[in-house]
Amino acid sequence: MDIRMSNLALQMALNLVRNDDELGPLFASLCSPEFPAATMETLVLNLGGQLLRRWREPGGIDGVFARFVFPTHYTIPDPPVSADARLCALLPHDAVDHLSRLPDALLGDIVSRLPAKDAARTAALSRRWRPVWRSTPLVLLDAHLSPATSAVSRVLAEHPGPFRCVHIRSFYIEEFTGLLTSWLRILAVKGIQELVLLNSRWPHAIDLPSTFLDMVTLTRLYLRLWKFPDTADLPRASLFPNLRELGLCSVLMETKDLDFILDRSPVLQTLCVEEDLFQLRLRLVSQSLRCVHIIGSFEEILVVDAPCLERLIIHSEGNKGCTPDGACSKVKIGRAPKLHLLGYLELDPGNQVLKVGNTIIKAGTKVSPRTMVPSVRILAFEVRFGVRNDAKMVPSILRCFPNVETLHVKSGETHQSAGKLNMKFWHESGTIECIRSRVKRLVFHGFRGGRSELAFLKFFFESALVLKEVLIVLAPGFTSIEEVHSRLASLGSTRRASEASSVLVTGYSDPQGDYIQSFKRGSDFSIRDPFEVIIDPNAFDHA
């Protein structure tokens, strides 16, 4: 196993530990100065025991990594057809075949919504149906076929194309790479709109055949755990002239390869990159991108020139922003005049650094027009209020986004308090324009009732003139409503600058944080605010 694959296996093991209910707290304790020498031995022994136990679970070790290492349900789109769909014979008492009287376009639409096996069977229904299957853009999912490899080959050979959507997983057979090369060549010739390629053979990232680069009809492409082909010697002609949506999950590639794709996808609007295992520098230079969703840690995220970019969503929980070698990640906002939504930023200078233009934003940074992003209306960040140096970043960050109307603040968990901030600090920090005259909705995630959290909320209530609604999302751990009321009691006596504001308190109803990581939510522009939480039915008003 080469050094890249060794790093991959190590990253998988780390993710497994971080996300495990039993090992996660133990792993967190390694960051503590009081870390005992025996803990590492305990960690390794427990990890080995957990792996052996879960190896014997249904689904074997594949199930383990599907559950802990590759949360691809966040990125990989659902198939457009379901194996649960079934063809039904005509009822005995109904002798009239009304369905066959429908126009060709409607019959084709029906066939395109069936699994490939059932779609092919429609040709046997009647003479009217025989040409429909061959003339309909087909949906092909290898999971619906058995034996899959021979069935896929047969369908690709017999159907003239084009194909509406194809989902293919890798198989544990020696000749799979050769088969895939042949399949992709056929799809490139016959035409395909949506392609999803999933490699199940962890931790071996298989070389992706370069034939997929010839699919000029592609509009949607998702890849998981492949080695991307070297783009150094490829021609400069448009690679994917019709590609609008691209998802990359644990794809081994270099920064230049991603630059190559962005440069040669002139109508690409949506990009999702998940589980970057080798720390790409993500350079966003695109005249068409509208939404970028990043799940995992990156060395750098540089918005260089993206005039149409509206959403930049970053989710680094588990990796906490920093790279595996301990270096902090960097987020730079350059030219993005339409950027409307940004988050989650991490206000932890040791893990993540924000740069606006050429200025690194620090606690106390003097804000100027060149360090502002006035287009942002929805902003989300995470801060540990119990860590003084982190919390002191809040005023500087908010001054960089003067027109924010919806603000999401996530209170990060603090294992050790390092200098709490009180009301005096917030009053001395001066006027924060977006709080005073812009923010209409505040969502405070992960409220634990700490004094530093309460000090921030009091300052917010006292300063926000146009505030209409505050939603406080409780962190896990509260044992009763009485305890919640006790922690919030001091807010009741706070003078509010906006008399019309209301406060709603809700429990934490989405423990996996799927609403933040969900690529489907993030890229759906019909959802105004993808950071919005699922409100617990037992939510209550706090006067």
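**Exercise 1. Two peptide bonds**

State in which strand Tyr-344 is found, and describe the peptide bonds that join Gly-343 to Tyr-344 and Gly-161 to Pro-162.

Solution. Tyr-344 lies in strand β14, residues 341-346, where helices (H or I, at least four residues) and strands (E, at least two) are DSSP runs numbered from the N terminus. The model is a predicted one, in which local features need pLDDT of at least 70 and side-chain atom pairs count only at pLDDT 80 or more, whereas totals for chains, interfaces and linings use all residues. Residues are numbered from 1 along each chain as its sequence is written, and side-chain values use heavy atoms, with hydrogens and water left out. Turning to the bonds, Gly-343 and Tyr-344 are joined by a cis peptide bond with omega of about -5°. Gly-161 and Pro-162 are likewise joined by a cis peptide bond, with omega of about -5°, and Pro-162 sits in the loop between α8 (148-158) and β2 (163-169). As background, most peptide bonds are trans.

**Exercise 2. The surroundings of β2**

Determine which strands pair with β2, and decide whether β2 is largely enclosed or not.

Solution. Two strands pair if DSSP finds at least two bridges between them. By that criterion, strand β1 (residues 138-141) pairs with β2 in the parallel sense over four bridges, and Val-139 stands opposite Cys-165 of β2. Strand β3 (residues 192-198) also pairs with β2 in the parallel sense, over six bridges, and here Cys-165 stands opposite Glu-194 of β3. As for burial, a residue is buried under 20% relative accessible area, exposed over 50% and partly exposed in between, with a 1.4 Å probe and protein chains only. Five of the seven residues of β2 are buried, so β2 is largely enclosed by the rest of the structure.

**Exercise 3. Positive phi outside glycine**

Find where Leu-225 and Ser-250 are placed, and work out whether each is buried or exposed.

Solution. Most residues other than glycine have a negative phi. Leu-225, although not a glycine, has a positive phi of about 55°; it belongs to the loop between β5 (220-224) and β6 (226-227), and its relative accessibility of 0% makes it buried. Ser-250, also not a glycine, has a positive phi of about 55°; its loop runs between β7 (245-249) and α10 (255-263), and at 1% relative accessibility it counts as buried.

**Exercise 4. An open sheet**

Give the order of the five strands in the open sheet, and name its edge strands.

Solution. The order is β9-β11-β13-β15-β16, with mixed pairing. The edges are β9 (281-285) and β16 (359-360), each of which pairs on one side only. Within the sheet, β11 (residues 300-305) and β13 (residues 329-335) pair in the parallel sense over five bridges, and Glu-300 stands opposite Lys-330 in β13.

**Exercise 5. A helix pair**

Describe how helix α15 packs against helix α16, and identify the residues that make the contact.

Solution. Helix α15 (residues 451-463) and helix α16 (residues 481-492) pack at an angle of about 35° with their axes 10 Å apart; axes are lines fitted to C-alpha atoms, for helices over the stretch in contact, and angles run from 0 to 180 degrees between N-to-C directions. Contact, meaning heavy atoms within 4.5 Å, is made by Leu-454, Leu-457, Lys-458 and Phe-461 of α15 and by Arg-487, Ser-490 and Leu-491 of α16.
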